[in-house]
Amino acid sequence: MRADNVILIGFMGAGKSAVGRLLARRLGRCFVETDDMIVARVGRPIPEIFRVEGEERFRELEADALDALKLKSGDVIATGGGLPCREGRMEALRALGTVVWLAGDFADLYERARRSADRPMLAGRTAEELETLYRAREPYYRRAHIVVDTGGLGPDQVVARVLAALREPHAARV
Ligand code: S3P
């Protein structure tokens, strides 16, 4: 049987952290972020992991975090934007519970991602390069059970949409 976690995926700037935190509060569940699991394990912030150990090492750490998620049940889980985008990762996420893609227009996501915190994947990349990355990731995200369009919505409104979709699992799941 599928574990009953709710897993949020999506590109940088989709609001996975803000929405996840609110959603967990609304559902009375624990909130877990794969980026936090990695930072706690390595003892370094994400930009430093990229700088010192490189992106490939970070992707390995994501694989380990994904493995550790098998111990979770009933939690709300936010993944890093790139975590689902390797062979086999979406299957592993789908086995953990209901996977929700927080989708949006690339331009909006890019604007939001640029505004907040240090994001090593943004550093040194043009908007065009990031859009190419986004397009390459979309086929993975599309394998979510539920797709929620976040366009023009604040975190509260996105949470309401996620809750509505979770209540109608058969209609919304793909
Ligand atoms: C990444 C997204 C980040 C973080 C890391 C790599 C990516 O998470 O995991 O910087 O490859 O898209 P957010 O999606 O929360 O920004």
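Start by selecting Lys16 and the ligand: an oxygen atom of the ligand lies 2.7 Å from an N or O atom in the Lys16 side chain. That pair is a polar contact (N or O atoms within 3.5 Å). Before going on, note that this is a predicted model, where local features need pLDDT of at least 70 and side-chain atom pairs count only at pLDDT 80 or more, while totals for chains, interfaces and linings use all residues. Residues are numbered from 1 along each chain as its sequence is written, and side-chain values use heavy atoms, without hydrogens and water.

Next, add Arg59, whose side chain has an N or O atom 2.7 Å from a ligand oxygen. Then pick Arg119, where the distance from a side-chain N or O atom to a ligand oxygen is 2.7 Å. How much of the ligand does the protein bury? Taken alone, the ligand exposes 380 Å², and the protein buries 94% of that (Shrake-Rupley method, 1.4 Å probe).

Now show everything around the ligand (a heavy atom within 4 Å). You should find 14 residues, with Asp35 and Arg137 among the closest. This shell holds 6 nonpolar, 3 polar and 5 charged residues. Colour α3 (46-53) and α4 (55-68) too: each supplies at least two shell residues. Helices here are DSSP runs (H or I, at least four residues).

Finally, hide the ligand and look at the space it occupies. The ligand sits in the largest pocket (more than half of its atoms within 2 Å of the grid points), whose volume is about 730 Å³. Its lining has 37 residues, and Met12 and Ser17 are among those nearest the centre.

Methods. A polar contact is a pair of N or O atoms within 3.5 Å; within protein, one must be able to donate a hydrogen and the other to accept it, and residues adjacent in sequence count only if both atoms are side-chain atoms. On a 1 Å grid over the protein atoms alone, a cavity is a set of points where a 1.4 Å probe fits but cannot get out, and a pocket is an open set with protein on both sides within 12 Å along at least five of seven lines; lining residues have an atom within 4 Å of a point. Ala, Val, Leu, Ile, Met, Phe, Trp, Tyr, Cys and Pro count as nonpolar, Asp, Glu, Lys and Arg as charged, and the others, Gly among them, as polar. Grid points are joined across faces, edges and corners, and a volume is the space filled by probe spheres set on the points.
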